[in-house]
Amino acid sequence: MKHIKKPEAWLPLIIASALAIGIAVGVVLNSRMHLSSGQEKLGEILSLINNDYVDEVSIDSLIEQSLPDLIANLDPHSNYIPAKDLKAVNDELEGSFSGIGISFTMFTDTITVNEVIPGGPSEKAGILPGDRIVSINDSVVAGMGIAQTDIVKRLRGMKGSVVKLGIRRSTSKKPLTFEVTRGDIPLNSVDAAYMISPETGYIKVNKFGRTTYDEFLTALARLTASGAGSFIVDLRGNGGGFLEMAIMMANEFLPIGSPIVETRGRHESENSAIASDGNGSFQNAGLVVLLDEYSASASEIFAGAMQDNDRALIVGRRSFGKGLVQRQITLPDSSAVRLTVQRYYTPSGRCIQKDYRLGERGAYEQDITKRYEHGEFFASDSIHLNKEVEYHTIGGRKVYGGGGIMPDVFVPNDTVGISSYYINVLNAGLLQKFAFQYTDRRRETLSKAANLSELLRMLPSDEELLQQFVSYASSNGVPARWYYINISHRLIVNYLKALIASDTLGRETYYQVANTDDTTVQRALRELTEGRATAPITAGIDSLGVHPVRQGGK
């Protein structure tokens, strides 16, 4: 088992391993020996088309058009990248691009928004994770067989230009329309790092990019200097990124020799395991990790390492369940295949990847929707536990495989204050638009606020702010319905304050306001205050034989 020392010590091993696998795959792809019957049949069909088909066709073009469908019959995360699109796709992986600020997946010919980049153009326009993009600039893109790389080209454009998106959202029976002004995409991984209580620091990590570890370590050091002895690491909505960043973050909290992650491939020689080196500076800090159904990949690696080592309490909802490792293999014509070559395993031996059937991406796409319909977001009793794949943490607590990381403390999706009125104004993007316009018209005055407390004192009373918004919404097609408005009063006002703070003082203040009403964050604070998030985690086991999946709340 490899131990983390310094990045320069172990990263070359990972790179060398990746190169070796790439070379091996290349040899297989180029080998003409020991062809299977299927490979021989394919060669024969191509030869027949080339020689006998009624019209002359380009075999190379035919293969190029067929490759995406061929790869699509594998797992949901392998894909083919044409040579003309490789640079754009790599730029997206690096985060060095301008656009509308979303990450998305093409499932069954539908663009599904996985993540809305905080502070980016789409968030400001009101786009939400889970939205389906059905049209771009009035051209239908859903069900049209358009390649993912072509969708990327349509979404990108000159900075300051506007793209019109037609959206399907689960909470709206009618299609929604959003106009998004393209702009630079924020590259920071840490959205917020502040003292949420006199003893606790809160850190929001939105993705695992190349700078994530440096940003995270800086945040830890700054909060420690401010008196933090415990931390809440919020990975909700974090779809993952570079594995090494999650490994280095985990290393900061673990004693020497603690397993972090294992990757296993088809051949034993491809397997690799990484453990902590004992040089982490926060091995004794209290720790809570927040997850939800959109936490995936590297987020799950970090959370799984913390949970299986009894190092942190996991609070929230079951994570996404992406545990497949892709290698990008460049082909001789400069196209590439991102091929799944390994699976991730947590220290207890759990495979993070949720179930899938080869070639059936539609069912895979619908997994989150099925969880919602089954009631998993609202009650711990609705969570499906596969007791046939039982594992144990280092301290003997039971944990289960079957996909994703199960929280130690379940907190249901908070529906308090949600009404039909709130859904309507949210779907129309009116909350974000009102907050931006309110800030923009008063920017000279609001910018004089030295901190969040001063800014909030500059705002009108809750009742006046709500009245102003209701009038704005009415003039934009959502009539006032005061019975439902009163139900959503607190939710609307708090969200508006968070958005105005973000537009005025920066993204961090959004979380400072929003977290005061966030049931998951407040539950994490309670667990820390009551001493249940100090390592080693020794929470009891309930009658189901799982971690104490307790109902959340304030």
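Two strands are counted as paired if DSSP finds at least two bridges between them; the exercises below apply this criterion to a predicted model.

**Exercise 1.** Determine the strand order of the open sheet of 6 strands, and state which strands lie at its edges.

*Solution.* Following the pairings across the sheet gives the order β11-β12-β13-β16-β17-β22, and the pairing is mixed. The strands that pair on one side only are β11 (190-197) and β22 (409-410), which are therefore the edge strands by the pairing criterion of at least two bridges. At the β11 edge, 6 bridges connect this strand to β12 (residues 200-205), and the two run antiparallel; within this pair, Val190 has Val205 of β12 as its bridge partner.

**Exercise 2.** Identify which strands are touched by helix α7 and which are crossed by helix α9, and give the angles.

*Solution.* Helix α7 (residues 212-225) packs on the sheet through β11, β12 and β13 (230-234), and its direction makes about 165° with that of β12. Helix α9 (residues 298-308), in turn, lies across β13, β16 (286-291) and β17 (313-316), running at about 140° to β16.

**Exercise 3.** Describe the largest nonpolar core and the surroundings of Ile232.

*Solution.* The largest nonpolar core has 51 residues, and those with the most contacts inside it are Ile232, Val288, Tyr421, Leu431 and Phe469. Helix α18 (residues 489-505) supplies the largest share of this core, 8 residues. A second, separate core of 44 residues includes Leu291, Phe302, Val325 and Ile352. Beyond its neighbours within four places in sequence, Ile232 is in contact with residues including Ile196, Ile203, Val288, Leu290, Val521 and Leu528.

Definitions and conventions
Residues are numbered from 1 along each chain as its sequence is written. This is a predicted model: local features need pLDDT of at least 70, side-chain atom pairs count only at pLDDT 80 or more; totals for chains, interfaces and linings use all residues. Side-chain values use heavy atoms; hydrogens and water are left out. A nonpolar core is a set of buried Ala, Val, Leu, Ile, Met, Phe, Trp, Tyr and Cys residues joined through side-chain atoms within 4.5 Å. Buried means under 20% relative accessible area, exposed over 50%, partly exposed in between (1.4 Å probe, protein chains only). Helices (H or I, at least four residues) and strands (E, at least two) are DSSP runs, numbered from the N terminus. Contact means heavy atoms within 4.5 Å. Axes are lines fitted to C-alpha atoms, for helices over the stretch in contact, and angles run from 0 to 180 degrees between N-to-C directions.
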